[in-house]
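Biologist: Before I rely on any of the labels attached to this model, I would like to hear the reasoning behind them. Could you take me through them one at a time?

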Amino acid sequence: MAHTVYFIRHGESQSNAGEKTEHPQSVNLTARGITEAFNRAAGWEDKPDLIVTSAYTRTKQTAAPLIEKFPGTAQAEWNIHEYTYLEAVKYKNTTNLERKPFMEEYWDRADPNYKDGGTAESFAEFAQRCKDAVEQMKKCDGAVTVAYCHGYMMNGILMALDGQFDTVTPDTMRAFWKFHGENHVGNCQVLRFDVDGDTVTYNKAAAPARGTKGPAFND
């Protein structure tokens with residue numbers, strides 16, 4: 001059955017706003033982010049058959065107004081959390097700006113199998129999750145699925161859909177970093193994917209304009 005999957009980035013988070021954070025999974029929305037989430041839900045017309053979040057708090061908070069608007073809608077959690085490539089324990093209670101030099105070092109290394117620590121994710125693992133998300137889209141039963149997600153992940157899904165993650169090399173990693181920097185995903189921005197059998201198509205015409213430049217390190 002043909003169906004549509006919408007990916008929505010979470011609202012403004014504490015990390016986006018430059019605040020110190022304890023752990024990537026527990027980062028909350030700011031007051032502005034909560035408003036963004038409510039505004040996105042208020043303008044949403046397609047009744048979803050499924051509302052999806054990642055395991056990270058900020059997607060669950062962003063999804064809450066839509067869940068309230070459409071009570072009784074089925075819910076699920078997919079493995080679409082943000083690409084967390086720095087070891088969380090090392091950078092506890094730091095800001096995005098304080099982490100930036102270590103992020104730059106990570107990307108300059110361009111080693112898709114490198115892991116910064118026990119809970120950190122390698123680029124190769126992230127690429128596989130993006131490919132898995134494309135496959136997950138094909139399995140949705142209802143006509144409309146709304147999945148609350150993250151910026152790195154949404155751009156990764158686009159590259160996976162384009163076949164650019166079929167082989168993961170240092171050049172793949174560099175290509176993603178360039179693409180991510182040039183195609184900013186804003187808070188509460190929507191990407192639409194139309195699914196027909198095994199064919200998943202990014203419906204660019206149905207999505208709001210994406211920024212051509214953005215804060216690539218802004219997780």
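Modeller: What follows sets several labels against their cut-offs, and you should keep in mind throughout that this is a predicted model.

Biologist: What makes the span of helix α1 agree with the expected one?

Modeller: Helix α1, residues 31-42, has twelve residues, and the expected span is 1.5 Å times one less than the number of residues. That gives 16 Å, and the helix reaches 17 Å from its first C-alpha to its last, which is close to the expected value.

Biologist: How do you know that the buried residues of α1 are on the same side?

Modeller: The buried residues in α1 are Gly-33, Glu-36, Ala-37 and Ala-41. They cover an arc of only 130 degrees around the axis, and therefore they sit on the same side of α1. On the other side of this helix, Ala-31, Arg-32, Asn-39 and Ala-42 are exposed, while the cover over the buried residues includes α2 (57-69).

Biologist: Why are α4 and α5 called roughly perpendicular?

Modeller: Helix α4 (residues 123-138) and helix α5 (residues 151-161) pack at an angle of about 75 degrees, with their axes 8 Å apart. Angles of 65 to 115 degrees count as roughly perpendicular, and α4 and α5 are therefore given that description.

Biologist: Which residues of α4 and α5 meet, and how do they divide by character?

Modeller: From α4, the residues in the contact are Phe-126, Arg-129, Cys-130, Lys-131, Ala-133, Val-134 and Met-137, and they meet Tyr-152, Met-153, Gly-156, Ile-157, Ala-160 and Leu-161 of α5. The residues of this contact divide into ten nonpolar, one polar and two charged.

Biologist: Why is Gln-136 called partly exposed?

Modeller: Gln-136, which is found in helix α4, has a relative accessible area of 31%. Buried requires a value under 20% and exposed a value over 50%, so Gln-136 is classed as partly exposed. Its C-alpha atom is separated by 8.5 Å from that of Trp-78, a residue 58 places away along the chain.

Biologist: What distinguishes Asn-93 and Cys-188 in their backbone angles, and is each buried or partly exposed?

Modeller: Asn-93, in the loop between β3 (74-77) and α3 (96-109), has a positive phi of about 60 degrees although it is not a glycine. Cys-188, in the loop between α6 (170-182) and β5 (190-196), has a phi near 65 degrees, again a positive value in a residue other than glycine. With a relative accessible area of 40%, Asn-93 is partly exposed, whereas Cys-188, at 4%, is buried.

Biologist: What makes you say that the buried residues of α6 line one face of the helix?

Modeller: In α6, Thr-172, Met-173, Phe-176, His-180 and Gly-181 are buried. Seen down the axis, these residues fall within an arc of 165 degrees, so they line one face of α6. The buried residues pack against α3, α4 and α5, and on the other side of the helix Asp-171 and Lys-178 are exposed.

Biologist: Why is Val-168 called partly exposed, and which residues does it contact?

Modeller: Val-168 lies in the loop between α5 and α6, and its relative accessible area of 28% makes it partly exposed. Leaving aside neighbours within four places in sequence, Val-168 is in contact with Pro-112, Phe-123, Ala-124 and Ala-127.

Note on methods. Residues are numbered from 1 along each chain as its sequence is written. This is a predicted model: local features need pLDDT of at least 70, side-chain atom pairs count only at pLDDT 80 or more; totals for chains, interfaces and linings use all residues. Side-chain values use heavy atoms; hydrogens and water are left out. Helices (H or I, at least four residues) and strands (E, at least two) are DSSP runs, numbered from the N terminus. Buried means under 20% relative accessible area, exposed over 50%, partly exposed in between (1.4 Å probe, protein chains only). The arc is that of the directions from the helix axis to the C-beta atoms. Contact means heavy atoms within 4.5 Å. Axes are lines fitted to C-alpha atoms, for helices over the stretch in contact, and angles run from 0 to 180 degrees between N-to-C directions. Angles under 35 degrees count as roughly parallel, over 145 as roughly antiparallel, 65 to 115 as roughly perpendicular and the rest as oblique. Ala, Val, Leu, Ile, Met, Phe, Trp, Tyr, Cys and Pro count as nonpolar, Asp, Glu, Lys and Arg as charged, and the others, Gly among them, as polar.
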